[in-house]
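Work through the exercises below with the model open beside the text, and try each task before reading its solution.

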Amino acid sequence: MVAVKATGPTSKLFPRFEERMRAYRYSRWDGSQDIEPFTADDLMREIADEMLEDGDLQSALRRLLQRGAEFPSGRRMMGLQELLEKMRNARGNAMQRYNLGSIFDDIKEKLENIVKTEREGIERRLNPQGTADQAPEGSGDSGQGNEAGEQDASADQGGNPAGNRSGGQPQSPAGGSRGSSGQSSGAAPGSSDPMFRDIMESMVRKRLEQLDHLPPDVGGRIQELRDYDFMEPEAREQFEELMKMLQQQVLQSYFQNLQQSIGQLTPEGLQQIQEMVHDLNEMMKQRLKGEEPDFEAFKKKWGQMFPDDIQNLDQLLDHLKDRMAQMESLLNSMTPEMRQQLEEMLDSVFQDSQFQWEMAQLGANMQRLRPGSGGDEYDFSGDEPVSLQEAMKLMGDMNSMDDLERELLQAIRTNNASDLNSDEIGRILGEEARQMTQQMQEVTRMLEEAGLIQRRGKDWELTPRAIKKIGERALQDIFGKIHENAVGDHNLDHRGFGVERLDETKPYQYGDQFFLDPQKSVMNALIREGPGTPVSMKLDDFEIYRTEQMTQCSTVIMLDMSYSMMMGGRFQAGRKVALALDSLIRTKFPKDNLYVVAFSYFVMVLRPEMLLDSYWVEYGGGTNLQEGLRQARLVLSKHQGTKQIIMITDGQPTTFTSFAGMDPADGWGYGRRSPRAMEETLREVVRCTHDGITINTFMMERERYASDFVKTMAKVNGGRAFYASPNRLGEYILLDYVKNKRKVIH
């Protein structure tokens, strides 16, 4: 979405121009802009348009939820399809952006610095008066053992590297701890003794040889350095920090709140984690035996290591499944060589055998209680480097996107967005998507609270108020296409029947209804008497509005629903006209009567509100004009006054109903011309004419034989025949109806 912010007028020289023309600056969505929510009226307008085309509420709601909408008010609604596309694009962009091949770079660099620091310390002890550049013969360079890897973690359970088995700081043969100046404290006493110096040089060369032969891969190098007896305290401290960083990262892949709960990993902290994992394994073993473990006791003791919203063991297992899937996804997305390096590194991080056993048990128990919890594989092809910690977070986001895709697909299948997690959508796709999701979830609630839809079993149905709005929408749409000068004012706020005032005026005559125009009446007196007060008025000065007589009319719309009418929007146009005419009559001519007769090979008399359903539409088997006219005649026989049939069709009769039932068109077959069907239809036209019913036919097709038959009907009945395309049908029918309602009487 784009935010719009005015930067001020384009010029101070033209103040009037300023008010109309301003410069705007468009900026990308940054989460600070508010999305103006759509309203129930916006939704109803969209549903009305959908139902006028399709006539099914469930389909209209489904399309609205899945496709979204751009409302005339300028507001918009995001659909499920758009949300799904955004999520897939975000996932695709991530895979095209990042490079997992860089995941060990940071660890490799740290290992190189550790080896370099150790070499420099050794050389200072060997040559206390020299510099690091004066390396002893055989010391080599940083060459072969100089490769390293990546990222953050912690220390082993004892807090010391494996090589320092005493747990204290190892002393080098040269007396080795560093002074505050950063330089070696010098050779040990007696170091000038040639025998002592030979022993020291032998030990130094052994250390340097170990450094020269370190494996090139990260996992192997870490394993070797764990068994290495550091001579330089600073190098040992750097290695311990690296181990702590890696330990913490590995543990955080399982336990999200680890850093907040125990802070820096110490031997005591690792002991707590081991104890927690042991208790968790015991609970899982009880569940595997069919017992119900005491989760509340576990939560009371270890709840600080897990999210606050976890209330039972099942939720905890689901949480662990998601966390472990991140590491699985990372392993699955790596090349075999990288995967082997990462697995060796993970094996080297924790030296405590009991801790490793507990973690292995945790993985085995999870596989039994939550089988199939392995992460998916992602094909990353970008250039941007990521560290191990960033890669773990990235895998979590990728897995969340997969879960979100499944939720969205389920929402699309069920047409129900209520179960979507809008906060998670916002975390992955941004604030705009979160707000749009929340609004999307409110659609049916808004419509229900506005009194526009109501429950009918498991489905929704329109209320009378909504049906009225759809009819008004159809009416506005039809009249909106007509130039206002051609039809005058079509304001539908007036109600009533009988005499209606026009805008034209005339001199008052005895017997006229006294719709006085005061302004013109006073002007007539002033013209006659001249200016001055008081104004003296006579009977001849009075000017009144002309009036017209509103005739009462009963109408049947005969709507053809044969197969050919379903093509090109003909049937939909006819249905829209019927709804619009119903709305016009209810608001402008409330004492008129309207009925709808739908026909194909059979005939059904409909209430106007049934036009918004589609269960009754049946277009196979032929076109039975004769039975449609008969049913319309029977309906109109109950009324007095003007009676008319508006027939909307695109063909001619192909079947009819005899006393013995429907006749299949005398063997001509459905869909073909039938002389007998045409004869029986014209007989019914004669009956309608005898009953004073006018038949006006609106043809949706210019086919020759059908047009000839309609002309014959008009000649027999005295009605009229029109040709109308679907997009102009409403204009013809509504204008014709209004025109024939009025007769000026004064």
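The exercises that follow go from the whole chain to its helices, a sheet and single residues.

The model is predicted, so that local features need pLDDT of at least 70 and side-chain atom pairs count only at pLDDT 80 or more, while totals for chains, interfaces and linings use all residues. Residues are numbered from 1 along each chain as its sequence is written, and side-chain values use heavy atoms, with hydrogens and water left out.

**Exercise 1. The whole chain**

Describe the secondary structure, the burial and the contacts of the chain.

Begin with the secondary structure, which comes to 26 helices and 19 strands; helices (H or I, at least four residues) and strands (E, at least two) are DSSP runs numbered from the N terminus. Turn next to burial: of the 746 residues, 48% count as buried, where buried means under 20% relative accessible area, exposed over 50% and partly exposed in between, with a 1.4 Å probe and protein chains only. Finally, take the contacts (heavy atoms within 4.5 Å) with a separation of 6 or more, of which 73% are between residues 24 or more positions apart.

**Exercise 2. Helix 4**

Compare the expected span of helix 4 with the distance between its end C-alpha atoms, and find what covers its buried residues.

The expected span of a helix is 1.5 Å times one less than its number of residues. For the 18 residues of helix 4 (residues 80–97) this gives 26 Å, and the end C-alpha atoms are 26 Å apart, which agrees. The buried residues of this helix are Leu-80, Leu-83, Leu-84, Met-87, Arg-91, Gly-92 and Ala-94. Their cover includes helix 3 (57–67) and strand 5 (98–99), together with helix 15 (388–414), helix 16 (422–429) and helix 17 (431–440).

**Exercise 3. A pair of packed helices**

Characterise the packing of helix 10 and helix 12.

Two packed helices are described by the angle between their axes and the distance between the axes. Helix 10 (residues 267–288) and helix 12 (residues 313–333) pack at about 115°, and their axes are 12 Å apart; axes are lines fitted to C-alpha atoms, for helices over the stretch in contact, and angles run from 0 to 180 degrees between N-to-C directions. On the side of helix 10, Leu-280, Met-283, Met-284 and Arg-287 take part, and they meet Leu-313, Asp-314, Leu-316, Leu-317 and Leu-320 in helix 12. The residues of this contact divide into seven nonpolar, no polar and two charged, where Ala, Val, Leu, Ile, Met, Phe, Trp, Tyr, Cys and Pro count as nonpolar, Asp, Glu, Lys and Arg as charged, and the others, Gly among them, as polar.

**Exercise 4. A six-stranded sheet**

Give the strand order of the open sheet of six strands, then trace its pairing and the helices that pack on it.

The order is 13-12-11-14-17-18, with mixed pairing; two strands pair if DSSP finds at least two bridges between them. Strand 13 (603–606) and strand 18 (721–723) are the edge strands, each pairing on one side only. Strand 11 (residues 553–560) and strand 12 (residues 593–599) run parallel and are joined by seven bridges, and Asp-560 stands opposite Phe-599 in strand 12. Helix 22 (residues 570–588) packs on the sheet, where it touches strand 11, strand 12 and strand 14 (642–649), and its direction makes about 165° with that of strand 11. Helix 23 (residues 625–636) also packs on the sheet, touching strand 11, strand 12, strand 13, strand 14 and strand 17 (693–699), at about 160° to the direction of strand 11.

Further along the order, seven bridges join the parallel strands 14 and 17, with Asn-696 in strand 17 as the bridge partner of Ile-646. Strand 17 is mostly covered, six of its seven residues being buried. Three bridges join strand 17 to strand 18, again in parallel, and Thr-697 stands opposite Ala-721 in strand 18.

**Exercise 5. Two residues of helix 23**

Is Gln-626 buried or exposed, and how far is Leu-634 from Cys-688 in space?

Gln-626, found in helix 23, has a relative accessible area of 5% and is therefore buried. Leaving aside neighbours within four places in sequence, Gln-626 is in contact with Phe-656, Thr-657, Glu-680, Thr-681 and Glu-684. Leu-634 is also found in helix 23, but its relative accessibility is 39%, so Leu-634 counts as partly exposed. From C-alpha to C-alpha, Leu-634 and Cys-688 are 9.4 Å apart in space, although 54 residues separate them in sequence.
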